[in-house]
Amino acid sequence: MHRHDFEKQVSRLINTPPSFTKDGSGALIVLDIDEFSVINASYGSEAGDTLLRHVAGKLRDECQSRFPESHVGRISGNEFAVLINDISTEDCLDFAEPIRRNFEQQVFQHGPEEYQATVSISIRPVTGAANSPGDLLNQASLSLKAAKKQGGNRIELARETRDPSQIGTPQWVTEIDRTIRDGSLYLRAQPIVPLGPETGEGKMYELLLGLRDSSGKEISPQGYIEAAEQFHRSTRVDLWVVSEVMAWMRSNPETLDDIATLNVNLSGSSLSDDSFMLGLESNLRANPELAHKLCFEVTETSAVANLHFASDFMREMKRLSCRFALDDFGTGLSSYAYLQKLPVDFVKIDGIFVRDMATNLTNYAMVRSINELCHFLDLQTIAEYVEDMEIMDTLKEIQVDYAQGFAIAKPRRLDSLGTGKSDTPVYAYKK
């Protein structure tokens, strides 16, 4: 089905009385081929068309064998959707995961060339209280974007969101201002652990945003962050984060003694904003004893886009004893060339290479190459999105310095550090 006909089926499901279905719910699954434009550019549009036909056929066959009354549609260029009635979220996840895994393991042939591809999948539960078909598809697509930003080849569960949280709506401006005022915005800490012998320097954490809506419900901050950048509020959010971090550091000296580094993410716009530089410098000069505990993370793409500003900014802050990490490294077109121009201390290897390096020889070679180059330049490396023990062991074998991800520990509230709650990593790594 094309999008218009598919939306009709979604509308029909929304308007079906719950008593007519087994559990009063269904599910909308949206699937997207990761880096489809790269496949088209590398192997030609004929290979891309063949891949699209393969995905369509695979979805149709899987649905016909398991859910004969389901509907399959192609809702945009390389985005497909499946609508299933009378299915729980858990069953839907069980249906989607084998599709993702089988796709990841398959080798495609185009003439003499072989290539592999992955898919990202978003699942949006559908209930009688659902919004319009367009809203449901948009929510699933936004969730899909979040999955692809984390490296793709994953499944995201989309939840119902309020209208103000739709990316691109001006209501976000007042939402951003509100969250900074009323405490809806807070900080979470995710451990970064050493893979080699303990150095005794202390613990490392990356600080991430947490968010509650006006009713106090926890919501994903992804749309918030994108809207802050779109509506030129990211510098204000960055200043709030710095102020909150330093206030916490001043209030928790005993906990801080066991911490080597707190990593704070900065947006690209803050790197070239004079008011941000002045505000940050003022904060650091007022608390010089805390500056060496701060490590600012800047994504490779934003650093390269603001190369002159980023380099100057880093050098100024390093004079105050701050450190820097280059985040998402390896995704840029000229990553290695720019590495020498930015005075960073850590390089975070992008999760798109890390997440399957134990089974993908190309990504294994990429991680190993980045790690060896960084060590040659006397930089320390951090692997992102470490999601299982096999990846952890592989990283240790090639002597990556640090690891971060759900296999180690999930983020927790910053204000819970030092309160006696366990901070033991999920993964008990070997000495």
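A cavity is a set of grid points where a 1.4 Å probe fits but cannot get out. I start from that term, as my first entry concerns one. The model I am reading is predicted.

**Entry 1: enclosed space**

I searched the whole structure for cavities of 30 Å³ or more and found two. I looked closer at the second largest cavity, which holds about 40 Å³ of space. Which residues line the second largest cavity? I listed Ile29, Leu31, Leu59, Val82, Phe95, Ile99 and Ile121. I then sorted this lining by class: seven residues are nonpolar, none is polar and none is charged. Strand 1 and helix 4 each give at least two residues to the lining of this cavity.

**Entry 2: the sheet**

Next I traced the strands. Five of them form an open sheet, and I noted the order 2-3-1-6-7. The pairing is mixed. Why do strand 2 and strand 7 each have one side without a neighbour in the sheet? Strand 2 (71–76) and strand 7 (155–157) stand at the edges with a single partner strand each, so one side of each is left free of a neighbour in the sheet. I also looked up the turn between neighbouring strands: on average it is 20°, direction ignored.

I reminded myself that strands of a sheet pair through backbone hydrogen bonds, either parallel or antiparallel. Strand 2 and strand 3 (residues 79–85) pair in the antiparallel sense, over five bridges. In this pair, I found Arg74 opposite Phe80 of strand 3.

**Entry 3: helices on the sheet**

I checked what packs on the sheet. Helix 3 (residues 45–66) does, touching strand 1 (25–33), strand 2 and strand 3. Its direction makes about 5° with that of strand 3. Helix 4 (residues 89–105) packs on the sheet too, and touches strand 1, strand 3, strand 6 (119–127) and strand 7. The direction of helix 4 makes about 165° with that of strand 6.

**Entry 4: an open pocket**

I moved on to the second largest pocket, with a volume of about 350 Å³. I counted 14 lining residues; Arg100, Arg355, Glu387, Asp388 and Ile391 lie nearest its centre. Helix 4 and helix 17 (389–397) are the elements that give two or more residues to this lining. By class, I read three nonpolar, two polar and nine charged residues in the pocket lining.

**Entry 5: confidence**

Last, I looked up pLDDT. The mean for the protein is 84, and 89% of its residues reach 70 or more. Where is the pLDDT below 50? I marked residues 19–24, a stretch with eleven contacts beyond near neighbours in sequence. I also marked residues 161–169, where pLDDT stays under 50 and the model has 23 contacts beyond four places in sequence.

Methods
Residues are numbered from 1 along each chain as its sequence is written. This is a predicted model: local features need pLDDT of at least 70, side-chain atom pairs count only at pLDDT 80 or more; totals for chains, interfaces and linings use all residues. Side-chain values use heavy atoms; hydrogens and water are left out. Two strands pair if DSSP finds at least two bridges between them. Helices (H or I, at least four residues) and strands (E, at least two) are DSSP runs, numbered from the N terminus. Axes are lines fitted to C-alpha atoms, for helices over the stretch in contact, and angles run from 0 to 180 degrees between N-to-C directions. Contact means heavy atoms within 4.5 Å. On a 1 Å grid over the protein atoms alone, a cavity is a set of points where a 1.4 Å probe fits but cannot get out, and a pocket is an open set with protein on both sides within 12 Å along at least five of seven lines; lining residues have an atom within 4 Å of a point. Grid points are joined across faces, edges and corners, and a volume is the space filled by probe spheres set on the points. Ala, Val, Leu, Ile, Met, Phe, Trp, Tyr, Cys and Pro count as nonpolar, Asp, Glu, Lys and Arg as charged, and the others, Gly among them, as polar. pLDDT is the predictor's confidence in each residue, from 0 to 100.
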